[in-house]
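Me: I'd like to learn how to read a model of several chains. Could you walk me through it?

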Amino acid sequence: MAVVWIPSLLQSLTSGEEKVSVRGATVGEIIDNLEARFPGVKDRLVNGTEIRPHIAVAIDGDVSPEGLEQDVQESSEIHFIPALSGGLADVPRSVLVSPAARQS
Amino acid sequence: MPTKVHVQMRLNGEEVDFLCEPRQSVLEVLRDVLGLTGSKEGCNNGNCGACSVILDGVLVNSCCVLGVETSGREVTTIEGIASPDGLHPLQQKFLEHAALQCGICTPGFIVAAKALLDKNPHPTEHQVRYWLAGNLCRCTGYDKIIRAVLDAAQTTEAKA
Amino acid sequence: MAESATYKVIGTRPIRHDGVDKVTGRAIYGADVQMAGLLHGKVLRSPHAHARIRSIDVSRALALPGVKAVVTSADLPPAEDRTIQLGEGGVNLKYLSHNILAGDKVLYKGHPIAAVAATSPHLAEEALALIQVEYEVLPPVLDVREAMQDDAPLLHDNLKTTSLGQDTDKQSNIATHTQFKVGDVEKGFAKADIVIEREFTTATVHQGYIEPHNATAMWNPDGQLTIWESTQGAFTVQRQLAPVLGIPVAQIRVIPAEIGGGFGGKINLYLEPIAAVLSKKTGHPVKVLMNRAEVFESTGPTPGSYIRVKMGATKDGRLIAAQAYMAYEAGGYPGSPIGAGMMCIFTPYDIPNVLIDGFDVVVNKPKTAPYRAPGATNAAFAAETVVDELGEKLGLDPLQFRLRNAAKEGMRRPDGPTHPRIGYLETVQAALNSDHYRTPLEGPNVGRGVASGYWFNVGLQSSVSINVNADGSVTLVEGSTDIGGTRASIAMQAAEVLGLKAEEVRPIVADTAGVGYNDVTGGSRTTFASGYAAIEAAHDVLRQMTERAARIWKIEPQDVSFGDGVFRNAKEPDQRLTFKDVAAQLGRTGGPLTGRATVAPRGVGGAFATHIVDLQVDPETGKVTILRYTAVQDVGKAIHPSYVEGQMQGGAVQGIGWALNEEYFYTDKGVMANASFLDYRMPTSLDLPMIDTILVEVPNPGHPFGVRGVGEVPIVPPVAAIANAIYRAVGVRMCHSPMSPGLVMTEILAKG
Amino acid sequence: MQAFDYTAARSVDEAVSLLAQHGEQARPLAGGTDIIVAVREGRRQVAMLVDIKGIPEVNQLSYDAAQGLTIGAAVPCYRIYEHEAIAAAYPGLIDAVSLVGGTAIQGRASVGGNLCNASPAADTTPALIAHRAICVIAGPSGRREIPVEQFCTGPGRTALQHGELLVALRMPSPPPHFGAQYLRFIPRNEMDIAVVGVGASVVLNQDHSSFVSGRVALGAVAPTPLLVDTAAAALAGKPVSDETIQQAAEAAQAAARPIDDMRGTAQYRRHLVGVLTRRALRGAIQRAKER
């Protein structure tokens, strides 16, 4: 099973657990399985069908553009790290405002 | 439209004439009127040297000279540095020393360095640094530029 | 693939392919683009740092003879306040659009409001003065800590702090809070024999590229838009323009001209949409150029910051705990490089207990843009100064102290992942063994400082195609704009694979219609990732060339081998065809041959640097003179060593400028008082010695030739190294950058 | 950039008549390194630039040991420092013209223009004052002369009246045992505006043991360059000693009226006035001894 390192800001949802072994062949499956064990985690990581814009997924240290579709190996380590904004990715990724907060 | 003035001058060894408004700088005339875009605008107020040209043998910032002032005078730009036989030693040494990265400041540096070597063929490192202090480069840290100029000075010396 | 460790092309220093054009003035940069019927655009910018726009009246400007069009944000499609996906990233469309032309609010002095197209740039400028804007001026907030206060003026009506997917309910200037945690810092500090805590501030600084931003647009009546400009990423411009203008990507062609420096600052959209809508309105091509003041006031910069660092070590010289509180100014819209700063601050070290909290905060300054290892220099200034002080208190040589705590392969980074093969240790050892460090420094008020830095580098996506010519030379088509010799470093990698000379590969930077998708020249990725694509494309060429050779010999391709530029028939050892021989027969063996590769390589190797600086402080004026400087860096494998050295020297000098004199000087109304190269003081040739370089080559296992990105990490150590050297020279610990003469003098006088 | 007319005057009379005709709307153009940029950046409005470089008297540089030095108002900096006899006789002036802008600026910028621009931080003005320079002014009602220290009346403002033109600067030949130095403090080593500038000159007695007289002029610490009479008084007749130098420096500090701005705080500037006055006096003394 892949090992998911739980970001410190989510550890309140995992009863303080820092790393969790989770089944899944893709990042999406991993997050779904994580959600099954620790309800609320998915909402913090995923917005609709995409990883939230200010978060990047690193598999064994490499950040991939494939998001939820990315393959995960049994031996993989998964980290959720801040997405880099302002051009290291091609657009500022840390910019997110909820649609509900739209200005009148 | 403001009235344009007819100006005749020598540019890189050739007689040219052009029309310009009094408010147009030599830099604008070169780039927008005469189509010589080798001289660059970096600051348009005499603080970066990217527009360096030689006016009657004297190094100047072409952004701080009006086109109308060049009447009857001689201007040398980066386009006039190489000869039909090949590159000027400064140009060759800039290439060999990798003395350029983005290249936007390079024409100004080569024109300014030529003005230096014309006046002082054997400059010290300090003299090169002092002379070129009005030419900003943000890519190289100047190291390779200074080496290229010092090397070109030696080459020119050997030829002379 | 099995690349030989002894290279024929890699590691040599050929003259760059675009060199002659650039030393003769013939290279065409964005501002050099000329075309018939060209109109000139100028942009009206806010004189206020923070204001509501009540009304804009353009009628008098439009009435000026020679003025052809005026545009405001009303000429862009309505910018919805929602996140849109662009490839692998999301962006708030309203923020993106309103930074180009302000909506109802201006958020910094220089914020664009309207633009004019006229028959001459002077006329366009005259017309700007005729546009009447009515403002409701609001109090600005210019400092990150003030902006974080509960009673600070709010820039956005709808911004709430996001903390890993969770929104607070309170409106705030704090856009995000991020945290990294390893072990337990409280327990760590309890075990420490010595703990040092310091606060650091850094001023806003600019990338300072010599070429101002530019864009020329032609919007045809059929909706096809072409942009000519200097940009670090033509495809990035294309992708962002599409939603801003509300047209499909395929209708936009971005043609990158030569680019006069970027350092991260020429990635965001600024002038492109303005030139586009002016062209649409006038039916003419429109060129818009910024002047230097506009560049300072409306583009870049990199954030001012507040950083608090606490580190603890044991008596035996081991770092045991480290904590950082980091707040970065994002400018008018969210998106500072706080995450990158957090990823770099303690990464050179193996520390069992780490806690890092980072905040992205909006202030009334231009929206920040990346600047060479964005966020990392601020971070290293803080951490490396505290490391220096710990080493001093422990009585250890600063490099030996770093050596004792250096991160190595397999150790865990504070942000979680483990280090692959890295060369930090090797840079410290090389610094220790350098002539510079072994030469005693003597004289009054002189000091030697060292500091290290880390930058993770990025990979992203690149495309390359290689066309084989009939004479055996090849044309390499790539999509990475060449800011500092990457045509050469990419072509050399293809040449190595193909057994050609560097000069036999002609590299061309194509536009968005001429090559597959390609991410920006940034993140130190170009020689790594576009080089990777060039290697793959070259192998594709060889596969196809092998088939052609097999066809000539009427054998199976697997019976053809290639080496040293020669194809051999395994069955008939006498039969050999050179690359040129096969190229000459392409027409008879199946037609033209193009090799292609598109890559999104993993295995990006992080980069470490250790710098040594000797300086002298004038004790009566506080002015610092750099006497000697050596930059040591793990460069993986230097493809073209001259340009690797150039990156190290250039990065070091930008860092020196940052450390000593560069800063945005703001009035209390939020106006930058020094928006010129006269008073924004970048180093001149007279301010510097030669910059020595030591290239340490620890090959990156993630790249066929071992390439690591080299461009960014050299800007990380200098500020801290200089602060540490100033301490050695005159005994004052500098906690603010820039360490300008007045500030150093103040500290010297305060010390007494 | 606003539109304007350009006229190349051929004589002082023609220039004066054009300036008188257009008043404030006309400005003389010498090297142009200030006026062109100021107009471009909208800091000055003009209807006409009157190019004075073609006027022989305004472009003349002459020196002889008896008559002293005359610098036409449009003579660019480089011509002054390339003139060996002038360089030897007027060291303080040479210091100043060698550090105005960069090399390319020195190819155009004139001492007269630097003075007429009337920046409080102008580098050449304190040096001119130290060398006792006199302004030769032509106007509709003839010519007049005033000392340089009376020329600037405020930032960007001068003693020039309607239609008047600065024609030249005259400096007496330095007496024996004379030395001068101009020093400025800038954060970089070139290209900056002075945070503080100090021009100092001294005349020593025969055995160099005491000051016959001295002058100290300050830049960038008041609305105009300042001649510090109290510093001169602190030097005259006193022995050449650290104590005398310190008293002159303290007088200069007391005379300075600096402000806070992006180039330095008032406090730092006042501190620098002391440091630079001491250094410039020591440099001037050294040069006096070497002559």
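Reply: Let's go through confidence, fold, chain contacts, helix packing and burial in turn. Keep in mind that this is a predicted model.

Me: Then let's start with confidence. What is the mean pLDDT of chain A?

Reply: Where pLDDT is low, the predicted coordinates should not be read in detail. For chain A the mean is 78, with 80% of residues at 70 or more. Among its helices and strands, helix α1 (residues 27-37) of chain A comes out highest, at a mean of 95, and strand β6 (residues 62-63) of chain A lowest, at 81.

Me: Where in chain A does pLDDT stay under 50?

Reply: That's residues 86-104 of chain A. The model does have 77 contacts beyond four places in sequence for that stretch, but as a general habit, low-pLDDT coordinates shouldn't be read in detail.

Me: And the fold of chain A: how many helices and strands are there?

Reply: Chain A has 2 helices and 7 strands. Going along the sequence, the order is β-β-α-α-β-β-β-β-β. Of its 104 residues, 44% count as buried. If you take the contacts in chain A with a separation of 6 or more, 47% of them join residues 24 or more positions apart.

Me: On to the assembly. Which two chains have the most contacts between them?

Reply: Chains A and C do, out of the 4 pairs of chains that touch. Chain A doesn't touch chain B, and their nearest C-alpha atoms are 19 Å apart. Nor does chain A touch chain D; there the nearest C-alpha atoms are 30 Å apart.

Me: How many residues do chains B and D each bring to their contact?

Reply: The size of an interface is often given as the accessible area lost when the parts come together. Here we'll use residue counts: chain B gives 24 and chain D gives 21. On the chain B side, strand β4 (residues 58-61) of chain B supplies the largest share, 4 residues. By class, that side has 13 nonpolar, 8 polar and 3 charged residues.

Me: Now helix packing. At roughly what angle do α15(C) and α16(C) cross?

Reply: Two packed helices are described by the angle between their axes and the distance between the axes. For helix α15 (residues 486-498) of chain C and helix α16 (residues 526-553) of chain C, the crossing is roughly 30° and the axes come within 8 Å. Angles under 35 degrees count as roughly parallel, so α15(C) is roughly parallel to α16(C). The crossing is right-handed. Residues making the contact include C:I490, C:A494 and C:V497 of α15(C), and C:A534, C:A538 and C:L542 of α16(C). By class, the contact has 10 nonpolar, 8 polar and no charged residues.

Me: What about burial: why is helix α8 of chain C called largely enclosed?

Reply: Because 9 of the 11 residues of α8(C), residues 272-282, are buried. Among them are C:E272 and C:K280, along with C:I274, C:V277 and C:L278. After the helix comes C:G283, with a positive phi near 75°.

Me: One single residue, then. Is C:N353 buried or exposed?

Reply: The cut-off for buried is 20 or more C-beta neighbours within 10 Å; C:N353 has 22, so it counts as buried. C:N353 sits in strand β19 (residues 353-362) of chain C. Its contacts beyond four places in sequence include C:V182, C:D184, C:K187 and C:I320. C:Q323 is 30 residues away from C:N353 in sequence, with 8.3 Å between their C-alpha atoms.

Note on methods. Residues are numbered from 1 along each chain as its sequence is written. Chains are lettered from A and ligands numbered from 1 in the order in which they are written. This is a predicted model: local features need pLDDT of at least 70, side-chain atom pairs count only at pLDDT 80 or more; totals for chains, interfaces and linings use all residues. pLDDT is the predictor's confidence in each residue, from 0 to 100. Two residues are in contact if their C-beta atoms, placed from the backbone, lie within 7 Å. Ala, Val, Leu, Ile, Met, Phe, Trp, Tyr, Cys and Pro count as nonpolar, Asp, Glu, Lys and Arg as charged, and the others, Gly among them, as polar. A residue is buried if 20 or more other C-beta atoms lie within 10 Å of its own, exposed if 12 or fewer, and partly exposed in between; C-beta atoms are placed from the backbone. Axes are lines fitted to C-alpha atoms, for helices over the stretch in contact, and angles run from 0 to 180 degrees between N-to-C directions. Angles under 35 degrees count as roughly parallel, over 145 as roughly antiparallel, 65 to 115 as roughly perpendicular and the rest as oblique. A crossing is left-handed if the near helix is turned anticlockwise from the far one by less than a right angle, and right-handed if clockwise.
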